[in-house]
Amino acid sequence: MFEKSLSDLIQGLRANKRNEVDYIQKSLEEIQSEVQLSDMRSKSTAIDKLNYLHMLGYDTNWANFNVVEVMASPRFGEKRTGYLAAAQSFHQETDVLMLATNLIRKDLSSSNVMEVSVALDGLAQVATPELATDLFDDATAVLGHSRPFIRKKALVCLYRLVLKHPEGLHALAPQLRERLDDPDPSVVSSAVSVICELARTNPTNYLPLAPKLYHLLNSSTNNWMLIKIVKLFASLTPIEPRLAKKLHGPLSQLICTTSAMSLLYECIHTAVVGDIIGVSEPVADSVGREIELAELCARKLTLFYESTDHNLRYVGLVTLAQLQARRPELVVGQYETVLKCLDDPDLSIRTRALSVISGMATRRTLARTVKRLMSQLILSNTIRLQPACNMPGVSNSEHNGDAVDFNPGAPTTDGAGTSLVNARGSIMQPRQAAAAGPAPADSPEYRLMVVESIVDMCTRQSYANLVDFEWYVAALVDLVYTAGVDVGRMLGEKLLDVTVRVRQVREFSIKLMRRLLSDRQLVSYASAGNSTAKVLCAAAYILGEYCTLLPANSEDVSLLFPPCLSELDGDEQATFIQAAIKVYANWLRDVTGYWGPEVWELVREVNASTMRQLTGLLLARAGDGSDEGVHLSSVVAELPLQVDCRLRHFVEITKAVSVATSNLSDSAPQLCQELHELFTAYELNPVSAAAQGKVPLPDGLDLDTAIGCPIPDTTHILFPPPPPAPSVSAAQPRQRDSQPSKDSSNGRRPRRGSKNDPFYLDNARDSRDLAELPDVDDIPVVHLDLGGLGDAPKPRKSGKKKSGKGRSLAKHSRKNRTKSPRSPSPSPPPPAPVEIAGDEDMPDTDKR
Amino acid sequence: MIKSVLIFNQLGKPRLVKFYEQIGTAAQQEILREIHAIIAKRPDTQCNFLEGCQSIGGPDSRIIYRHYATLYFVFVVDSSESELGILDLIQVFVEALDRVFENVCELDLIFHFDEIHYILMEVVSAGMVIETNLAEISRAVSEGKLQIKPASEPSRLGIGALRGFV
């Protein structure tokens, strides 16, 4: 029978491209019969062919036994084929490996070096725990082979065996140390590689080798090994700081002299990552001037990220980011170069540049960086935006540098409205790649990173980098349109944050929010929990809370009843309705200033239409049986309750207004004039979480004496003590019960010493217990009657970083509760440049 | 450590598949497909490093590749390897191939896929680089060749004829 050789098979495959599967099937059948033949040559040819088919993805495990047979062939060529097949296809469960133990042992001690070499390579690949245990000593014996070519293979093979047979490590360690002195550089290099791998899991154990490695670092010229040693030292310096000083000399020497970019890069990287740049010893640069190592690294790094080679640019930026984390002042000067890298066609380089540039943001460069990033978002293929009139930075910041001229008075139907079609398109059809192919800025991950970087740069350290807050708010609004990714929640939070904390920007912000809400396309795109809905919620809250800052407009009320309202989820709807009540009350107050028959007419008309809208909403919620005959009182409250409750409040208000305005009176009804005080009696100001601690304690106030008798601990009666887990849930009802007494208590809660008291921090409790305590926000706020000190704003709001939604609801409920004629609203703050409230960095906030 | 060395052409046809960890055949093909899908669409103007391959090694792994004519040479490594060092290593490997095959081309790799393995074995063993010196590599390879010369003579003739034919 004529047998196909390997090249026959390959040629056959190439000739049968159409029915490759059939051809391979036929070949496999032939191979199956060939491996059964007693002739070793045919067998090995068959295994050779199997190797090829294995590469193409065909399972060859059925021939495992025949592979071992071929491994045992006395001819080297056949043996090698067998070992290759074993290395390629054997796995941990291959049972025929047991048969191979003696075979491999024999080959390891063969007089033919090539056989030893093949056996070492094969063993390293197929080692199982049993094989490793059995053959560890044999492999160790080979370490003393006369040929360096075998010694280096034995070293790496032993590493693999140690992985399967960890007890062998003790025997291997001294051998490794000895091999570091081997006369052959390749063997030393292999030993270093093995040490590097072992040190990854446990660097401390390999510290004693540091002097030897240090010697190699100074004497060797093998770049590959030097790279390995330098990388190894990067992981050793954190556990042995004295090494940094030692390495300073040789590393700076290498950095100055080496011509190999890879070695230069690893040296710089280790100097930066291993904090060797922290050693304050001068080094001489190329012209003999003495500079710091950090500066030398920064200078040499420019070779990388300014290079035309994209690989060098990439690694250069990676290390630049690390240098920036340690010595930001050395990196700032590279702003222009990094900015250039932002436009690199390669996404990996861009993302690296992005992280560096966002760390470089300063008051001076922020506007320029954001402008560049914004233009990337706009000019990508996914968004075909008209030359935007509301793009900060893109259109007009060219001239004034840092502040962006934005026209807040523009009508509501301008660019904001038209751009959405395109912005929306980008969400619906992620890739409308033009002929040029997808641009890097089209990648959703990249867009997300860009948006996050912009926001991060602007808000870092309490807006430290911001010069113009109006510019920032405008930029956020632009991002709503151009982001093209799901960042609505973040943008909403940031809009709220800046508007609440920065008093000066509120008026501008509310104008933009009104514009957002009146953009029909944007509003129509909102639905429960989506990105747009989150932004609109923030907009609604801002419009409601700060509506007094702008002339009232009855249309604002209907803006807050968008058609999509019923599609939003409960909390979002509640935000809208609460905002609508506030806007409505404010409008009433405003128009009563010009009281007359026309105004009376207008109030009645608006009131009636609002009532209709509300009733419609309530009835719609009652289900489809809502014909005209159903009366409101018969509509059963439905979930979500927070919406229902607010709707009913509003209906009652409109009813009261309609009664008060039933007849035309000479002066405006008192109700219309004073309704707004429900919401504006106090200004809500954010207060730092630490503000309470800064209020001085008045004389004579004793916070440590218990008030009244301690409440007897009834927990053990109500809830039997074991098991331990429910102890916290047992504490919950008590917390609710004790609230009245808490409110009446003056100041800090007296210590009761009860283990179950959630507010009693016992030293004995460990942190696990603390973690189980109820949310701090559940703790009712206590009003301090501070007498003369009373000008401080009330710490009604402390958790600044909560989600906007939850926060706004909490604020409303609390605000309503605190309505009282007792104290006047806090005095307006003195005019200040720009103040950012509610941050620990601003200790003066609560003293005003 | 080097986790894998792959060579495939622009269409994703494997020319060498070497995994230094034991991975099932199907998983190997899956990794090959995934890596080809990512790399084939990267133009040469982009950098040759990719971070984090889902199917092999996870976030610690890097894919480092070089594109030569019709072939991609791909090394999957973990973070203990130097990216630029591996790029140089790929160059060394290709130069070693070139020395052995004299002006190496894709056809050489197709018809001598086993020999490519043996050459790679002299550069990388058990996932670690054991030799970067070209002279040492080719000496070891030719030493292996010497021992099988008689057996492989006919097949080499056949391929020589074929090379002219194709």
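Let's start at A:Gly529, which sits in the loop between helix 28 (520-524) and helix 29 (531-545) of chain A. This is a predicted model, and chain A holds 41 helices and two strands. Below is a quick tour, from that loop to the place where chain A touches chain B.

**Around A:Gly529**
- A:Gly529 counts as partly exposed, because 14 other C-beta atoms lie within 10 Å of its own.
- Pick A:Asp497 as a second landmark: A:Gly529 and A:Asp497 are 32 residues apart along the chain, and their C-alpha atoms are separated by 20 Å.
- For the wider setting, UniProt has an unreviewed entry that puts the feature "domain: Clathrin/coatomer adaptor adaptin-like N-terminal" at residues 22-377 and 444-561 of chain A.
- Over residues 444-561, chain A is 73% helix and 0% strand, with the end C-alpha atoms 32 Å apart.

**Chain A as a whole**
- Of the 848 residues in chain A, 42% are buried.
- Take the contacts in chain A between residues at least 6 apart in sequence: 71% of them join residues at least 24 apart.

**Helix 13 of chain A**
- Helix 13 covers residues 223-236, and its 14 residues should span 20 Å at 1.5 Å a residue; the end C-alpha atoms are 20 Å apart, so the two values agree.
- Twelve of those 14 residues are buried, which means that helix 13 of chain A is largely enclosed by the rest of the structure.
- Among the buried ones you'll find A:Trp224, A:Met225, A:Ile227 and A:Phe233, and also the lysines A:Lys228 and A:Lys231.
- What does the covering of those buried residues include? From chain A there are helix 11 (185-201), helix 12 (210-219), helix 14 (242-257) and helix 15 (261-273), and chain B adds helix 2 and strand 7.

**Helices 6 and 7 of chain A**
- Helix 6 (residues 97-108) and helix 7 (residues 113-126) of chain A pack at an angle of about 145°, and their axes are 9 Å apart.
- The crossing of helix 6 past helix 7 in chain A is left-handed.
- On the helix 6 side of chain A, the residues involved are A:Leu97, A:Ile104, A:Asp107 and A:Leu108; they meet A:Glu115, A:Val116, A:Ala119, A:Leu123 and A:Val126 of helix 7.
- Sorted by class, this contact between helix 6 and helix 7 of chain A has seven nonpolar residues, two charged ones and no polar ones.

**Where chain A touches chain B**
- On the chain A side, 51 residues are in contact with 44 residues of chain B.
- The chain A residues on that side split into 22 nonpolar, 18 polar and eleven charged.

**Two residues to look at in chain B**
- B:Glu102 has a phi near 50°, which is a positive value in a residue other than glycine.
- B:Glu102 is in the loop between helix 2 (83-101) and helix 3 (106-111) of chain B.
- Is B:Glu102 buried or exposed? B:Glu102 counts as exposed, because it has 8 C-beta neighbours inside 10 Å.
- B:Ala126 isn't a glycine either, yet its phi is positive, at about 50°.
- Look for B:Ala126 in the loop between strand 6 (124-125) and strand 7 (128-129) of chain B.
- B:Ala126 is buried, because 29 other C-beta atoms lie within 10 Å of its own.

Terms used. Residues are numbered from 1 along each chain as its sequence is written. Chains are lettered from A and ligands numbered from 1 in the order in which they are written. This is a predicted model: local features need pLDDT of at least 70, side-chain atom pairs count only at pLDDT 80 or more; totals for chains, interfaces and linings use all residues. Helices (H or I, at least four residues) and strands (E, at least two) are DSSP runs, numbered from the N terminus. A residue is buried if 20 or more other C-beta atoms lie within 10 Å of its own, exposed if 12 or fewer, and partly exposed in between; C-beta atoms are placed from the backbone. Two residues are in contact if their C-beta atoms, placed from the backbone, lie within 7 Å. Ala, Val, Leu, Ile, Met, Phe, Trp, Tyr, Cys and Pro count as nonpolar, Asp, Glu, Lys and Arg as charged, and the others, Gly among them, as polar. Axes are lines fitted to C-alpha atoms, for helices over the stretch in contact, and angles run from 0 to 180 degrees between N-to-C directions. A crossing is left-handed if the near helix is turned anticlockwise from the far one by less than a right angle, and right-handed if clockwise. UniProt positions are given in the numbering used here, feature names are shortened, and annotations may be inferred rather than shown by experiment. The expected span of a helix is 1.5 Å times one less than its number of residues.
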